[in-house]
Amino acid sequence: MLSNTVRFLSRQVTQLKQFSGLAFALPATTAMSSKIPSTSTTVASPTSPTASRHFKRTRSSKATNEDQGDDQSSSVSTPPPKKKKSTPSPSASSSSTSTPSKSKPKKSPKKKSPTKLPAKPLPIPDDYEELYALVEELRADKTAPVDSDGAEALTDTKDPVTFRYQTLIALMLSSQTKDAMVGQAMRKMQAHEGGLTIDNISGMSEETLKSLIYGVGFHNNKTTYIKKATDVCKELGDIPNTAEGLCDLPGVGPKMAHIVMSIAWNEVSGIGVDTHMHRIFNILKWVKSNNPEQTRVQLESWLPRDRWDKINLLWVGFGQETQQQKEKSLKKALACSNTKAALKLMKRIGLDYHSEGKRYGLDEEIKAALKQE
């Protein structure tokens, strides 16, 4: 019995020695068994490699159990590289529509402040009388486009109401349109069945009216304006008899209103200033303005009133000839009483008599005229 007990204790001691040897060898063999996944808690000293790897893994905020795999040690010890922000190429950015780029808002252009209108009449220019008389002489033949196709020349009736209405229509067509095209449209309307009268245009369809005035600038808009203005005239039984009433019509501005008042009602309400006059009078320094309406106000402050109704036809025709009929203008300058002054005036407003004289074979005559005292 005693011998059996001794043998049992001896086997227990032997197993204990074997277990102790395995425990001391565990740190050395951990690297070999690290590839075997284990769900048990690691029992090791804080200084062992296994503890070190476990410490790093638990400190990493991005490490999860799903990150474990065949290369566990390398994935834990080496953090993943940071992604570089890619810069899209011009071609890629232009083709991509998913994330449109925010463009900087464009700055609106600075508006020019308008020239202050005169609080008191401007002084009469020193050269006003001389230049005005010179232009009257150059325009005495009345052969400019405005003389044959302007509002004063396009009516075809003696009926007072129809005469006034046709004058209004001619001025409404003239905006942004050459006089020759206005004359063509007016004659088409006059020749159409029923003629150019308030009743006929009021009952006409917009399509028909548009076909008659096709070719004038902004004919679509003018068709609408003419129809609406005609309805007002039909209700009144005539065109408005004041500049303010005319300006209330669609498509009618101050220039048109003052010219209509002068021609249709024989009443001077103001000066009709167009782009030719605005350009020329600023070059001559008769005014200092930014737009035709400012030119009108400044001009009215000093120009004698008895010339208000004729100045438009006179100077518009002069501007047309010097821009569109240069050869004729030069010949008229050579034939006038003061050739040298006429040539200098034309040069001031943009007609280069040297180059244009050579073009039309008038250079020798021009040179001779300029040499005269």
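Reader: What separates Arg-359 and Glu-356 in helix α19?

Author: First, some housekeeping: this is a predicted model, where local features need pLDDT of at least 70 and side-chain atom pairs count only at pLDDT 80 or more, while totals for chains, interfaces and linings use all residues. Residues are numbered from 1 along each chain as its sequence is written, and side-chain values use heavy atoms, leaving out hydrogens and water. The side chains of Arg-359 and Glu-356 meet in a salt bridge, 3.5 Å from N to O (a side-chain nitrogen of Lys or Arg within 4 Å of a carboxyl oxygen of Asp or Glu). Being three residues apart in α19 (helices are DSSP runs of H or I with at least four residues, strands E runs with at least two, numbered from the N terminus), they're separated by about one helical turn.

Reader: Is Glu-356 buried or exposed?

Author: Buried means under 20% relative accessible area, exposed over 50%, and partly exposed in between, using a 1.4 Å probe and protein chains only. Its partner Arg-359 has 59%, which makes Arg-359 exposed. Glu-356 has just 8%, so Glu-356 is buried.

Reader: Which helices hold Arg-187 and Asp-149?

Author: These two side chains form a salt bridge as well, at 2.9 Å from N to O. The pair ties together parts that are 38 residues apart in sequence, because Arg-187 lies in α8 (residues 179-191) and Asp-149 in α6 (residues 145-149). In short, the helices are α8 and α6.

Reader: How does Arg-187 count at 44% relative accessibility?

Author: Asp-149, its salt-bridge partner, has 11% and counts as buried. Arg-187, at 44%, counts as partly exposed.

Reader: Within what arc do the buried residues of α5 fall?

Author: In α5 (residues 128-138), the buried residues are Tyr-128, Leu-131, Tyr-132, Leu-134, Val-135 and Leu-138. Seen down the helix axis, they line one face of α5; the arc is taken from the directions from the axis to the C-beta atoms. That arc is 160°.

Reader: Which helices do those buried residues of α5 pack against?

Author: Packing here goes by contact, meaning heavy atoms within 4.5 Å. The α17 side of the story has Ser-329, Leu-330, Lys-332 and Ala-333 as its buried residues, and what covers them includes α5. For α5, the helices are α16 (311-324), α17 (326-335) and α18 (339-348).

Reader: What is the distance between the closest N and O atoms of Lys-331 and Glu-327?

Author: Both residues sit in α17, four residues apart, which means about one helical turn between them. Their salt bridge has its closest N and O atoms apart by 3.3 Å.
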